[in-house]
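Please open the structure in a viewer and set it to a cartoon representation. The stops below proceed by selection, each followed by an account of what is found there.

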Amino acid sequence: MADKQSAFKRWTDKNAQLWQVMKFFAFSMCSGATQGVTFFVLGALVLIPLHSKALPPIDFWVFHYDSGMLYDLVAYFVSVMAGNMISFALNRKKTFKSASNITYAITATLIMILFIIVYSTVLGPKLDVWLGELIPWFNTSATTVAIRDFAGQTIMSFFTMCFVFLMDKFVILPESKEAKAEKKARKAAAEANEALIATKKVVNEALAKKFLISALVLFVAGIILLVAGNVSYTGGDTAPTTAVIAALISGSVIFGIGEIVFFFFVAEKLGDEVEV
């Protein structure tokens, strides 16, 4: 086993750039799956009152939704934000091992996510139309239209992942040669000091525990608001009240933040770098 691990380590050291890309796409797929599940659970199972046709349509900037589609907008925003921030948490710790300023990195990531939401909203439908014109078979039935839409989403997702990788590597989570050399020297010094390693592990465990507790608190708060919103909704043909809408939206956002914080906990537990 030790020989196999050494061989794997030698391979990753020799192919560092390829290994970085592989890790990035693996973590991105994990966060993408979380995004998809979050969108489905919120849109189909939780935000039921926001399906009401009594709600007015949404026509703001690039966002155009028919009446009864508020649930889709809320679920989309929350799931995309959660998915991309989860990707940030995992890739920052494990893929890029970046020591860049966390405030700058999070701010830049949030701006990037908003950009992704806008261009996906604008270009997504146009890509579907273009695919239909390029391959007329896509427009022959409801099934082929669904296949066309899936193909369009897959293409958009691939280009988005490539875009995020380049942004993370060169803009959001860059690391200069000097920083790498300094970090390597600190790591070598730390590894020679068992007491320092033990102290660092204690600090990491404490930070991970804080992330986990915060995530659980956010999950509970979000669930309480979501349950309250659903219980307070009278149903029928009436539109949900402002209080119900506020409870459902805030509950969704808080739950999404809970997901992000939980994956910061996961990233902290996965982290194996000795940093001082």
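## A guided tour by selection

Select Ser-120 as the starting point; this residue is located in helix H4. The structure is a predicted model. Is Ser-120 buried or exposed? Its relative accessibility is 17%, and because the limit for a buried residue is under 20%, Ser-120 counts as buried. Now display its surroundings: beyond its neighbours within four places in sequence, Ser-120 is in contact with Tyr-76, Pro-125 and Met-156.

**The whole chain**

Return to the full view and colour by secondary structure. The protein chain comprises eight helices and two strands. Followed along the sequence, these elements give the pattern α-α-β-β-α-α-α-α-α-α. The protein chain has 276 residues, of which 38% count as buried. If contacts are considered between residues at least 6 apart in sequence, 74% of them join residues at least 24 apart.

**H2 against H3**

The next stops concern pairs of helices. Two packed helices are described by the angle between their axes and by the distance between the axes.

Select H2 and H3 together. Their axes come within 8 Å and cross at roughly 155°. An angle over 145 degrees counts as roughly antiparallel, and H2 is therefore roughly antiparallel to H3. The crossing in which H2 passes H3 is right-handed. The contact of H2 with H3 contains twelve nonpolar, 13 polar and three charged residues.

Within H2, select Ala-44. With 37% relative accessibility, Ala-44 counts as partly exposed. A distance may be drawn from here to Asp-72: the two C-alpha atoms are separated by 8.9 Å, while the residues are 28 apart along the chain.

**H2 against H5**

Keep H2 (residues 16-46) selected and add helix H5 (residues 142-172); these two pack at an angle of about 125°, with axes 11 Å apart. H2 is therefore oblique to H5. The crossing of this pair, H2 and H5, is right-handed. Which residues make the contact? On the H2 side, show Gln-17, Gln-20, Val-21, Phe-24, Phe-25 and Ser-28. On the H5 side, show Met-161, Cys-162, Val-164, Phe-165, Asp-168 and Lys-169. Coloured by class, the contact of H2 with H5 shows seven nonpolar, three polar and two charged residues.

**H3 against H8**

Hide H2 and H5, and select H3 with H8. The axes of H3 and H8 come within 9 Å and cross at roughly 15°. Since angles under 35 degrees count as roughly parallel, H3 is roughly parallel to H8. H3 passes H8 in a right-handed crossing. The contact of H3 with H8 is made up of 19 nonpolar, two polar and four charged residues.

**The nonpolar cores**

Restore the whole chain and show side chains. The largest nonpolar core has 46 residues, and those touching the most other members are Leu-47, Leu-50, Leu-70, Phe-88 and Ile-172. Two or more residues of this core come from each of H2, strand S2 (63-65), helix H3 (70-95), helix H4 (102-134), H5 and helix H8 (242-270). H3 gives the largest share of this core, twelve residues.

Centre the view on Leu-47. Which residues does Leu-47 touch, if those up to four places away in sequence are not counted? The list is Leu-42, Tyr-71, Val-74, Ala-75, Leu-226, Leu-248 and Ser-252. Another core, of five residues, lies apart from the largest one; among its members are Phe-27, Ile-86, Leu-90 and Ala-267.

**Two residues with positive phi**

The tour ends at two loops. Most residues other than glycine have a negative phi.

Select Trp-61, in the loop between strand S1 (58-60) and S2. Its phi is near 55°, a positive value in a residue other than glycine. At 60% relative accessibility, Trp-61 counts as exposed.

Finally, move to the loop between H3 and H4 and select Lys-97. Lys-97 is not a glycine, yet it has a positive phi of about 45°.

Key:
Residues numbered from 1 in each chain as written. Predicted model: local features only at pLDDT ≥ 70, side-chain atom pairs only at ≥ 80, totals over all residues. Heavy atoms only, no water. Axes fitted to C-alpha atoms, helices over the stretch in contact; angles between N-to-C directions. Helix = DSSP H or I, 4+ residues; strand = E, 2+ residues; numbered from the N terminus. Parallel < 35°, antiparallel > 145°, perpendicular 65-115°, else oblique. Left-handed = near helix turned anticlockwise from the far one by under 90°. Contact = heavy atoms within 4.5 Å. Nonpolar A, V, L, I, M, F, W, Y, C, P; charged D, E, K, R; others polar. Core = buried A, V, L, I, M, F, W, Y, C linked by side-chain atoms within 4.5 Å. Buried < 20%, exposed > 50% of the residue type's maximum accessible area, 1.4 Å probe, protein only.
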